[in-house]
Amino acid sequence: MENKLINTGQNSIMDNFIETDDILKDMRQIIESSQKAAHQAVNMTLVQRNWMMGYRIASEELHGEKRAEYGTKIIKKLSQELSTEY
């Protein structure tokens, strides 16, 4: 009895897998596809995190104005506080 992968349409790693007669080649493809998907997920999360942090800093500094006050120390203060925590 032959086992077949079921395409769920929700996982690009499984959707793009094509079994060959070379198990070593298949293992390499699975590992590389998984690593690529993991890197893409991490990168997307970091981009979203950084955008949200920038948005929050800008809203704090601007207070609804077009320009922030010069001399605000928010970034330095946040950097010190967050560096000790993370």
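This report describes the fold, the surface and the side-chain contacts of one predicted protein model.

## Overall fold

The chain contains three helices and zero strands. Following the sequence from start to end gives the pattern α-α-α. One of these helices, α2, covers residues 23-62. Several of the residues discussed below belong to helix α2, among them I23, the pair R56 and E60, and the pair W51 and Y55.

## Burial and surface

How much of the chain is buried? Of its 86 residues, 3% count as buried. A residue is called buried when its relative accessible area is under 20%, and exposed when that area is over 50%.

The accessible surface of the chain is about 8400 Å². Carbon and sulfur atoms account for 57% of that surface.

## A nonpolar patch

Which residues make the nonpolar patch on the surface? I23, L24, M27, I30 and I31 make it, and the patch has an area of about 450 Å².

I23 is one of the patch residues and lies in helix α2. Its relative accessibility is 61%, so I23 counts as exposed.

## The salt bridge

Side chains of opposite charge can pair when their charged atoms come close. In the whole structure, a search finds one salt bridge. R56 and E60 form a salt bridge in which the closest N and O atoms are 3.0 Å apart. The cut-off for such a contact is 4 Å, so a nitrogen–oxygen distance of 3.0 Å qualifies.

Where do R56 and E60 sit relative to each other along the helix? They are four residues apart in helix α2, and therefore about one helical turn separates them.

Are the two partners buried or partly exposed? R56 has a relative accessibility of 47%, so it counts as partly exposed. E60 has a relative accessible area of 32%, and E60 is partly exposed as well.

## The aromatic pair

The count of aromatic pairs comes to one. The pair consists of W51 and Y55, whose ring centres are 5.3 Å apart. Why is the pair called stacked? The planes of the two rings meet at 10°, and planes under 30 degrees apart count as stacked, so W51 and Y55 are a stacked pair.

W51 and Y55 are four residues apart in helix α2, which means that about one helical turn lies between them. Both W51 and Y55 are exposed.

Terms used. Residues numbered from 1 in each chain as written. Predicted model: local features only at pLDDT ≥ 70, side-chain atom pairs only at ≥ 80, totals over all residues. Heavy atoms only, no water. Helix = DSSP H or I, 4+ residues; strand = E, 2+ residues; numbered from the N terminus. Buried < 20%, exposed > 50% of the residue type's maximum accessible area, 1.4 Å probe, protein only. Areas by Shrake-Rupley, 256 points an atom, 1.4 Å probe, with all protein chains shown as cover. Patch = residues over 30% accessible without salt bridge, like charges linked within 9 Å, V, L, I, M, F, W, Y side chains within 5 Å. Salt bridge = Lys/Arg side-chain N within 4 Å of Asp/Glu carboxyl O. Phe/Tyr/Trp six-rings, centres within 6.5 Å; stacked < 30°, edge-to-face > 60°.
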